[in-house]
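Here is my note on the model you asked me to look over. Please read it with the coordinates open beside you.

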Amino acid sequence: INMAKSCLKFCPLNHYIAMIYRRVIMYKRSVKSLLMTLLGLALFSVLGIGVQYLMIELMKPKYKPITFDSYRQFKDDFVISGDYKQDFPQKVISRIDSKFKAETGKTASFEYYDNIDTLNEILYKRQTEGNYSIEVPFGIDFINSTTLPYSITLLINKTTNEELENSESIQSNAHILFGNVLWNLEFGTDSTFSISFMKMQLKMAQLLFSLLGPMLIICSLMTIISLVITQPVADIRGESRQYMIQCNLKITPYWLATFTIDIIVWIILCTLVWAIYCIGQVQSILDNILTTWYLMVFTGPSFIVFLYDFSFFFKDSNSASRQTFLIMVVLILLPMLITVIVNSDSVGLNWFYSLIPHISLMQALGAILINGGSRKHSLSYYWKLESTFPFFLMQFVDIVIYTFILILIELFRNKIQRSLAKKNYKNNTDFLSKLKAKHQ
């Protein structure tokens, strides 16, 4: 009973209800700001979905069969050595020539050498003299082409410029193309097979979204700033709150009622953002559907109180929301700058990031959205994981920290104002006394 009376002393129920009613009226009068918030939220959310699908489209596996036109540098010079004058080698060379022309639209060039040693010697000499002007996809050394089984060696240049053409791809292309030539000779020119190397990059698209997606989600949620911070700044810098305090309004119900309505609006906006991403079938969100909603909603209390603390820095309520939004966006870039400078992503830095609510949310989402499909985990897993534990714990600790800061600001602000008022009163009294004595 005594505890209840003490609580009611600091936060009278009738004051709290009155401030709730006042805050609701303020929201009703801020229809334009509310609509702008919903529009910004929708735009950033749709942009996030668009980024996801753009990444998937850009990284979609592309099927392109290996042909003589698959090389980065056009290669049309074939070197032939060994027993190439026999019937079988001539069929192979003729088929390469016709297939090359069909796939590239150009005529291939063939150089013939008596044996592999001569080939190596001449090509090396031309290279050292700076007269090596041929581009060879592969060479063929016909070791035995008179009696079965035939013995053939493919010749590959392993000393290529890796930036222009990877030696492994040259080797694999040679085996595929030569195999296709032999297939045609055995089963006819109309019979062929296609081989293609495709990069499976769907997970890479998910990885990139885990880097960009959280930033866009945070920008969506930060559109609430204009709804949260405008009225407190107007009250702090205006006369209405001071008048209410003079009429015995307790400061606790003022902030508690404001927080109650703001957190309800925050939960609604978070659920809207979350629902838009779910409707957009963003797989990273769907794979972590509960964890993402939990993170967004439970970051709200600390972020809102953080904005209340921020409201004391501004004098004009009209520009406060814009300035705050820009400052929050700049703070979003902080982890990137620290990562570049320090070149580290330690758990210690995560504790630092977790002190700033919206950065904490962004970092936590980045660590979670990267895990999808078979790698997805439950909410309890991230509570136990060392790298994400700071973000989940500090969601609640930050509420205490920023509430304490708000209390200090209110206490010392009033004391400083009273001190300045007394000082000004004393100065004015001294001035008036001197002025009175002068005219007597």
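The numbered points below go from the whole chain to its strands, its salt bridges and a patch on its surface.

1. On the status of the coordinates: this is a predicted model, and every value quoted in this note should be read with that in mind. The protein chain has 440 residues, of which buried residues make up 40%, and its secondary structure consists of 18 helices and four strands.

2. On the chain as a whole: among contacts with a separation of 6 or more, 78% are made by residues 24 or more positions apart. The accessible surface of the protein chain comes to about 25,000 Å², and carbon and sulfur atoms account for 63% of that area.

3. On strand β1: this strand covers residues 77–82, and because five of its six residues are buried, β1 is largely enclosed by the rest of the structure. It pairs in the parallel sense with strand β2 (residues 109–113), over five bridges. Between these two strands the chain passes through helix α4 (residues 87–104), and the resulting β-α-β crossover is right-handed. Strand β3 (residues 139–144) also runs parallel to β1, to which it is joined by four bridges.

4. On I80 as a reference position for the strand register: the bridge partner of I80 in β2 is Y112, while in β3 the residue standing opposite I80 is I140. Anyone checking the alignment of the three strands could begin with these two pairings.

5. On S81: is this residue of strand β1 buried or exposed? With a relative accessible area of 0%, S81 counts as buried, because the cut-off for that class is under 20%. Leaving out residues up to four places away in sequence, S81 touches Y113, N115, I116, L119, I140, D141, F142 and L155. The C-alpha atoms of S81 and G139 are separated by 8.0 Å, although the two residues stand 58 residues apart along the chain.

6. On the salt bridges in general: side chains of opposite charge can pair when their charged atoms come close. The structure holds five salt bridges, and three of them are taken up in the points that follow.

7. On R23 and D262: these residues form a salt bridge in which the closest N and O atoms are 2.8 Å apart. The pair links distant parts of the chain, since R23 belongs to helix α2 (residues 13–29) and D262 to helix α10, with their positions 239 residues apart. Both R23 and D262 are buried, a point to keep in view when charge states are assigned.

8. On R126 and E111: the side chains of this pair meet in a salt bridge, with an N to O distance of 3.1 Å. Here too distant parts of the chain are linked, R126 lying in helix α5 (residues 116–128) and E111 in strand β2, 15 residues apart. R126 and E111 are likewise both buried.

9. On K99 and E103: which helix holds this pair, and how many residues apart do K99 and E103 lie? Both are in helix α4, four residues apart, or about one turn of the helix, and the closest N and O atoms of their salt bridge are 3.7 Å apart. The two partners fall into separate accessibility classes, because K99 is buried at 9% relative accessibility, whereas E103 is partly exposed at 25%.

10. On N180: this residue is placed in helix α6 (residues 167–187). N180 has a relative accessible area of 5% and is therefore buried. Apart from neighbours within four places in sequence, N180 is in contact with K99, T192 and F193, so K99 appears both in this set and in the salt bridge with E103.

11. On the nonpolar surface patch: V31, L35, L38, I264, I268 and L272 together make a patch of about 500 Å². Helices α3 (31–58) and α10 (251–279) each supply at least two residues of this patch. L272 has its place in helix α10, and at 36% relative accessibility L272 counts as partly exposed. Helix α10 also holds D262, the salt-bridge partner of R23.

Notes
Residues are numbered from 1 along each chain as its sequence is written. This is a predicted model: local features need pLDDT of at least 70, side-chain atom pairs count only at pLDDT 80 or more; totals for chains, interfaces and linings use all residues. Side-chain values use heavy atoms; hydrogens and water are left out. Buried means under 20% relative accessible area, exposed over 50%, partly exposed in between (1.4 Å probe, protein chains only). Contact means heavy atoms within 4.5 Å. Patches are made of residues with over 30% relative accessible area and no salt bridge: like charges are joined within 9 Å, nonpolar side chains (Val, Leu, Ile, Met, Phe, Trp, Tyr) within 5 Å. Accessible areas come from the Shrake-Rupley method with a 1.4 Å probe; for residues, only the protein chains shown count as cover. A salt bridge is a side-chain nitrogen of Lys or Arg within 4 Å of a carboxyl oxygen of Asp or Glu. Two strands pair if DSSP finds at least two bridges between them. A crossover is right-handed if, with the strands pointing away from the viewer, the path from the first strand over the helix to the second runs clockwise.
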